[in-house]
Amino acid sequence: MSLSLVYFTWSSWNTFQKDWLHLKKLHQIPCDRCVFYTGEYYLKCTVHPHKAFHEEAIDCTDYRSVKSE
């Protein structure tokens, strides 16, 4: 096996792991299940529009589930 094939395989696997962890973190963003989510492009959240759908919104203190109300 050539060295370039080994490096390519290792690099691909490493990139896949990083992307998988990042994707898991993004799935923790609760904005689409929140009462304050508007569904509009310009104003996604009425409480924290600058945090909506970003990693900063993962532990949003104002999150209220749509199902709970």
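Start with the whole chain in view: among contacts between residues at least 6 apart in sequence, 54% join residues at least 24 apart. Contact here means heavy atoms within 4.5 Å. What you have open is a predicted model, where local features need pLDDT of at least 70 and side-chain atom pairs count only at pLDDT 80 or more, while totals for chains, interfaces and linings use all residues. Residues are numbered from 1 along each chain as its sequence is written, and side-chain values use heavy atoms, with hydrogens and water left out.

**The overall view**

Switch to a cartoon. The protein has 1 helix and 0 strands; helices (H or I, at least four residues) and strands (E, at least two) are DSSP runs, numbered from the N terminus. The radius of gyration is 18 Å, well over the 11 Å that the globule rule gives for 69 residues, so the protein is more spread out than a compact globule. That radius is taken over C-alpha atoms, and the globule rule is 2.2 Å times the number of residues to the power 0.38. Turn the C-alpha trace along its principal axes and you'll find that it spans about 60 × 25 × 15 Å.

How much of the protein do buried residues make up? They are 14% of the 69 residues. Buried means under 20% relative accessible area, exposed means over 50%, and partly exposed is in between (1.4 Å probe, protein chains only).

**Along the helix**

Next, select residues 3-26, which are helix α1. Show the side chains of Phe16 and Trp20, which both lie in this helix, 4 residues apart, or about one turn. Phe16 is partly exposed at 46% relative accessibility, and Trp20 is partly exposed too, at 47%.

Add Trp13 to your selection: ring pairs link Trp13, Phe16 and Trp20 into a cluster. Rings of Phe, Tyr and Trp (its six-membered ring) pair if their centres lie within 6.5 Å; planes under 30 degrees apart count as stacked, over 60 as edge-to-face and the rest as tilted. By this rule there are 5 aromatic pairs. One of them is Phe16 with Trp20, a stacked pair at 6.2 Å centre to centre with 25° between the planes.

Before moving on, draw a distance from Phe16 to Asp59. These two are 43 residues apart in sequence and 26 Å apart in space, C-alpha to C-alpha.

**Two tyrosines**

Now jump to Tyr41 and Tyr42. Is Tyr41 buried or exposed? Tyr41 is exposed, with a relative accessible area of 64%, and Tyr42 is exposed as well, at 78%. Zoom in on the two rings: their centres are 5.0 Å apart and their planes at 85°, so Tyr41 and Tyr42 make an edge-to-face pair.

**Inside the cavity**

Turn on a cavity display. A search of the whole structure finds 1 cavity of 30 Å³ or more. On a 1 Å grid over the protein atoms alone, a cavity is a set of points where a 1.4 Å probe fits but cannot get out, and lining residues have an atom within 4 Å of a point. Grid points are joined across faces, edges and corners, and a volume is the space filled by probe spheres set on the points.

The largest cavity holds about 120 Å³ of space. Which residues should you select to find its centre? Of the 14 that line this cavity, the closest to the centre are Cys31, Cys34, Cys45, Ala57 and Cys60. The lining divides into 11 nonpolar, 1 polar and 2 charged residues. Here Ala, Val, Leu, Ile, Met, Phe, Trp, Tyr, Cys and Pro count as nonpolar, Asp, Glu, Lys and Arg as charged, and the others, Gly among them, as polar.

**Stops after the helix**

Select Thr46, in the segment after α1. Thr46 is partly exposed at 47%. Leaving aside neighbours within four places in sequence, Thr46 is in contact with Phe36 and Thr38. Leu26 is 20 residues from Thr46 in sequence and 21 Å away in space, C-alpha to C-alpha.

Phe53 also lies in the segment after α1. Phe53 is partly exposed, at 35%. Check the backbone: phi of Phe53 is near 60°, a positive value in a residue other than glycine. Most residues other than glycine have a negative phi.

Finish at Glu56, again in the segment after α1. Glu56 is exposed, at 52%, and touches His50 and Lys51, not counting residues up to four places away in sequence.

Notes:
1 Å grid on protein atoms, 1.4 Å probe; cavity = no way out; pocket = protein on both sides within 12 Å on 5 of 7 lines; lining within 4 Å.
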